[in-house]
Amino acid sequence: MARQLTLASDTADGHLLLARTQLPELMDALPKGAQGSVHLLRLAQIARRDWALLMGLLDAAERQRAARFRFEGDRDAYIAAHGLLRLAIASRLGANPAELRLSHQPGKKPALISEDRSDAAVPAIDFSLSHTRSCVGCIVAEGISVGIDIEPTRDPPAQGEGPLSPQEIAWLRTRPPRSAAAEFTKLWCRKEALLKSLGSREPMSMSRFSAIPGQAIALPAGSGFPAQDISVTSHLTDDGIHIAIAVRSAVR
């Protein structure tokens, strides 16, 4: 039976904000029976009182990081993404979002710090976030490792094929020219989400693995990750935002 989401907070605004960001159409990305939620929030739809709520959820380190952004758009996206993530995690745990302790170590996937052991991440909860200047997204799940990426449609690089593998380059050349930008962005988004789902191990070069829609994930030999344990789902919103969700069958 699915756990009822609760949010320990002194305001109903957090409930309302989180509820309107849920993406039920992307829940199929999670394995059957998995506990989790996917959220997307467009910055243009954030009310003034919601900005105050989101900023108030951040811890001191996150607020300092937000203040260092040079451009307002980048700062707003950071605040929205990390505030939304805190709301989503708290709703899964029945906790106060402002009191969550999150680790953000360079080269490692963000993790939830257990209150019982300050140096141990809670293994049952995994999460990922992504943001652009127009919208932010996050996924929170139990018992599986997840990654999410969101990207606006962008043109393929003029020189070379950038992050694509030889197999993906060949696949892209079979697509109609008019859809080249959308198909390239879909591939890029899928690859970013996949890397995020792998966690803190040494990152792979983007061109060394493939995440072609409708085909099996192809990882380089010696990666240490069974490709059959990984799935990637793609979604395109009505306003042209690409969303990819990667799932590994178990948190390791």
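**View 1. Trp188 and its aromatic partner in helix 6.** Trp188 is partly exposed, at 21% relative accessible area (buried is under 20%, exposed over 50%, partly exposed in between; 1.4 Å probe, protein chains only). The model is predicted, so local features need pLDDT of at least 70 and side-chain atom pairs pLDDT 80 or more, whereas totals for chains, interfaces and linings use all residues. Residues are numbered from 1 along each chain as its sequence is written, and side-chain values use heavy atoms, without hydrogens and water. Phe184, by contrast, is buried at 0%. The two residues lie 4 apart in helix 6, about one turn (helices are DSSP runs of H or I, at least four residues; strands are runs of E, at least two; both are numbered from the N terminus). Their rings form an edge-to-face pair, 5.6 Å centre to centre with 80° between the planes (centres within 6.5 Å, using the six-membered ring of Trp; stacked under 30 degrees, edge-to-face over 60, the rest tilted).

**View 2. Charges over rings.** Arg154 lies over the face of Trp188, 4.4 Å from the ring centre (NZ of Lys or CZ of Arg within 6 Å of the centre and within 35 degrees of the ring normal). The charged end of Lys191 sits over the ring of Phe209, at 4.2 Å from its centre.

**View 3. The Phe69 and Tyr78 pair.** The structure holds 2 aromatic pairs. Phe69 and Tyr78 form a tilted one, with centres 5.4 Å apart and planes at 45°. Tyr78 is buried, at 5% relative accessible area.
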